[in-house]
Amino acid sequence: MATLQNNYFLKALRREPTPYTPVWMMRQAGRYLPEYRATRKKAGDFLSLCKNPDLATEVTLQPLDRYPLLDASILFSDILTVPDAMGLGLYFAEGEGPKFERPLREEIDIQKLKIPDVAYDLKYVIDAVSQIKKALQGRVPLIGFAGSPWTLATYMVEGQGGTDFLTIKKMAYTRPDLLHHILKTTTEAVTQYLHAQIEAGVDAIMIFDSWGGALSHQGYLEFSLPYIKVILSNLKMMGNKKIPSIIFTKGGGLWLQDQAEVGAHALGLDWQTDIGMARQKVGHQVALQGNLDPAILLSKPEAVEKEVKSILDSYGQGSGHIFNLGHGITEHTPPEQVDVMLKTVREYSQQFHMK
Ligand code: CP3
């Protein structure tokens, strides 16, 4: 395997010195890029794009070709490939986001839930990882990812996104045993899935807990965080000790201290948390990734510059910060605004890394 030409992202995850603050963006390959829309059209639809390793490789590399200042790439796929492989029947209704043909509602279906055979049912993702690693030729590290068991379960039980989570919360409060069964099975599936991605060559992993913030304080500590912890410790036991990990709970700013204890190298922050305050709380234990509000990219270049600088100022001197958005880039973003963000990060951050 080619050695990496730029490993600043991995160094920052380990809180080692870098000459500037490395940066990448959640959903950096996506609909705001005309070249992405063209490739998706070629594939037919989003899911066919995910399932075609050649085209998934193509779109993974698109943002890197357009923006040479990016310090990391992320596998092009989706967190919902796992429940799809568990037999729930994922589809994307045009303009409506993800849905499942067979949501998990009845006890009998929940008891029958099976861990997928990753090497077979998710072969297309693992093939994409190998192809992307080859195509990158060591330019930047490749991030692999999965959804957290809780976040996957919200889609599995609700049957779609964009709900108020009442179906799954009712299950949590009336039949916690059923929800724990779903979470346990999904934890095993995600562990095997991430292990396979690591074997195929990803350089770091990220666990997206996009809906952890919908839980109560007690609920987060019972239904989300412990399962993330199990995944990370099982991966370590399986021999993946050197692979750095990031966990990202959207809306999870109140639980940073708990998150810092589960064995991840870094915590992802959404835009509601002040990164300087987060650093004071947990910066001695973990690196921090974030946290520009993606909506700022819809504003003027001067506003983008100002906001980027204020985040870098707030984090302050020293390493352990990976610049990112606080959530995925929106499809309405003018691609030139990303140039402004990246250039500001690269130029303005160097003062914080002087010896
Ligand atoms: O970051 C990257 O560039 C990697 C690719 C990636 C996608 N989805 C591609 C995608 C990653 C890491 C994800 C993760 C994902 N998927 C999450 C966790 C992160 C987050 O955003 O909170 C979630 C919750 C999903 C589920 C999902 N997939 C939703 C809710 C949607 C619809 C929302 C939307 O933006 O339309 C998707 C579709 C999706 N996943 C798209 C992309 C590029 C857009 C689909 C399209 O091209 O039409």
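**Close-up 1. Helix H12 and the largest cavity.** In this predicted model, helix H12 (residues 217-237) is the element that gives the most to the lining of the largest cavity, and it does so with three residues. The cavity itself has a volume of about 70 Å³. If you want to pick out the lining, look for Ile198, Ile205, Leu232, Leu235, Lys236, Asn240, Ile243, Ser245, Gly263 and His265. Sorted by class, that lining comes to five nonpolar, four polar and one charged residues. How many cavities of 30 Å³ or more does a search of the whole structure find? It turns up three.

**Close-up 2. The ligand and its shell.** Here we move to the ligand, which sits in the largest pocket. There are 22 residues around the ligand, and Arg27, Arg31, Tyr36, Arg40 and Ser210 come nearest. What classes make up this shell? The count is 14 nonpolar, four polar and four charged residues.

**Close-up 3. Side chains that meet ligand oxygens.** This view picks out three side chains. Arginine 40 has a side-chain N or O atom 2.4 Å from an oxygen atom of the ligand. For tyrosine 36, a polar side-chain atom lies 2.5 Å from a ligand oxygen, and for arginine 31 the distance from a polar side-chain atom to a ligand oxygen is 2.6 Å. On its own the ligand would expose 880 Å², and the protein buries 87% of that.

**Close-up 4. The largest pocket and its walls.** Now for the space that holds the ligand: the largest pocket contains about 1400 Å³. Its lining runs to 43 residues, with Arg27, Arg31, Phe46, Asp78 and Phe92 lying nearest the centre. Which elements give two or more residues to this lining? They are helices H2 (34-43), H3 (46-50) and H9 (149-158), together with strands E2 (90-93) and E3 (97-100). By class, the lining of the largest pocket splits into 20 nonpolar, 14 polar and nine charged residues.

**Close-up 5. Arginine 27 and its backbone.** Arginine 27 gets a view of its own. You'll find this residue in the loop between helix H1 (8-13) and H2. Its phi is near 60 degrees, a positive value in a residue other than glycine. Arg27 is also among the residues that come nearest the ligand, and one of those that lie nearest the centre of the largest pocket.

**Close-up 6. The second largest pocket.** This pocket has a volume of about 170 Å³. Around it you'll see Met86, Gly87, Leu88, Arg102, Pro103, Leu104, Asp109, Lys112, Leu113 and Lys114. Two helices, H5 (81-88) and H6 (107-112), are the elements that give two or more residues to the lining. Which of the elements gives the most to the lining of the second largest pocket? That would be H5, with three residues. Going by class, the lining has five nonpolar, one polar and four charged residues.

**Close-up 7. A cis peptide bond at strand E8.** Glycine 290 and asparagine 291 are joined by a cis peptide bond. Omega for this bond is about -10 degrees. Where does asparagine 291 have its place? Look in strand E8, which covers residues 287-292.

Technical notes:
Residues numbered from 1 in each chain as written. Predicted model: local features only at pLDDT ≥ 70, side-chain atom pairs only at ≥ 80, totals over all residues. Heavy atoms only, no water. Near = heavy atom within 4 Å. Polar contact = N/O pair within 3.5 Å; in protein donor to acceptor, adjacent residues only side chain to side chain. Areas by Shrake-Rupley, 256 points an atom, 1.4 Å probe, with all protein chains shown as cover. 1 Å grid on protein atoms, 1.4 Å probe; cavity = no way out; pocket = protein on both sides within 12 Å on 5 of 7 lines; lining within 4 Å. Sits in = over half its atoms within 2 Å of the grid points. Nonpolar A, V, L, I, M, F, W, Y, C, P; charged D, E, K, R; others polar. Points joined across faces, edges and corners; volume = space filled by probe spheres on them. Helix = DSSP H or I, 4+ residues; strand = E, 2+ residues; numbered from the N terminus.
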